[in-house]
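Student: I'd like a close look at one part of this model rather than a tour of everything. Could you walk me through it in one go?

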Amino acid sequence: MAAAQDGNKNAYERVLASSVPLIRAAARRQGLGVDQLDDVVQETLLTVHRVRQTYDPSRSYDAWLSAIASRRAVDALRSHGRRGRRELHDERALDLHPDVDDATAAAEREQEARRLRAAIATLPPGQREAIEQLGLKEHSLAEAAAHTGRQPGALKVNLHRALKALRTRFHGDP
């Protein structure tokens, strides 16, 4: 590091490259997870670059570097702790609630809607009518029966059969 402070570019590159294992070890001693090690290594190397003029060649480079690495590891742990209480890390939630402005998600929803409309169109008339009245228009059973002139029991049976047929078509479930 003393040679790097004097402007030796090759020495500086070698000291940074050889510092990585020491930085990783210092970060692990602080209890940092493997998923955060690379970030701490980068932050530590950036800090070393910014404060390299403060290194005293009469003292241990390893101790100086370990102190910096330990501080960056603690910073990462604090940051992770703050984010961990505020952020939701649930991949399923992200899949279920895509970004409203996501054009891909909108295109997928439109494609799924077209497939569903096409599948409903292939149902027998009684089942299609039950799906339209009870599912799509969200009429109550009494309203659907009054509108179609069919018995509530018949509508319920047709709705059940239609849902089963659609489920089989889309998911392969019997």
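Student: At roughly what angle do the axes of helix α8 and α9 cross, and within how many Å do they come?

Tutor: Keep in mind that this is a predicted model. The axes of α8 (residues 141-148) and α9 come within 9 Å and cross at roughly 105°. That angle makes α8 roughly perpendicular to α9, because anything from 65 to 115 degrees falls in that class. On the α8 side, the contact is made by L141, A144, A145 and T148, while α9 brings P152, L155 and K156. Sorted by class, the contact of α8 with α9 has five nonpolar residues, one polar and one charged.

Now for α9 itself. Helix α9 covers residues 152-171, so at 1.5 Å a residue its 20 residues should span 28 Å, and the end C-alpha atoms are indeed 28 Å apart. Buried in α9 are L155, N158, A162 and L166. These four cover an arc of only 70° around the axis, which puts them on the same side of α9. The spacing fits a simple rule: an α-helix has 3.6 residues a turn, so residues three or four places apart point the same way. Turned away from that buried side is a face with the exposed residues K156, H160 and H171. Two of these names come back from the contact with α8: L155 and K156 both take part in it, yet L155 is buried and K156 is exposed.

N158 deserves its own stop. This residue lies in α9 and counts as buried because its relative accessibility is 11%, under the 20% cut-off. Leaving aside residues up to four places away in sequence, N158 touches G126, Q127, A130 and R150. Right after α9 comes G172, with a positive phi near 75°.

For a second helix to set beside α9, try α3 (residues 34-51). Its 18 residues should span 26 Å at 1.5 Å a residue, and the end C-alpha atoms are 26 Å apart, so that agrees too. The buried residues in α3 are Q36, L37, V40, V41, T44, L45, T47 and V48.

Zooming out, the protein has nine helices and zero strands, giving the pattern α-α-α-α-α-α-α-α-α along the sequence. Of its 174 residues, 26% are buried. Among contacts with a separation of 6 or more, 57% join residues 24 or more positions apart.

Notes. Residues are numbered from 1 along each chain as its sequence is written. This is a predicted model: local features need pLDDT of at least 70, side-chain atom pairs count only at pLDDT 80 or more; totals for chains, interfaces and linings use all residues. Side-chain values use heavy atoms; hydrogens and water are left out. Helices (H or I, at least four residues) and strands (E, at least two) are DSSP runs, numbered from the N terminus. The expected span of a helix is 1.5 Å times one less than its number of residues. Buried means under 20% relative accessible area, exposed over 50%, partly exposed in between (1.4 Å probe, protein chains only). The arc is that of the directions from the helix axis to the C-beta atoms. Axes are lines fitted to C-alpha atoms, for helices over the stretch in contact, and angles run from 0 to 180 degrees between N-to-C directions. Angles under 35 degrees count as roughly parallel, over 145 as roughly antiparallel, 65 to 115 as roughly perpendicular and the rest as oblique. Contact means heavy atoms within 4.5 Å. Ala, Val, Leu, Ile, Met, Phe, Trp, Tyr, Cys and Pro count as nonpolar, Asp, Glu, Lys and Arg as charged, and the others, Gly among them, as polar.
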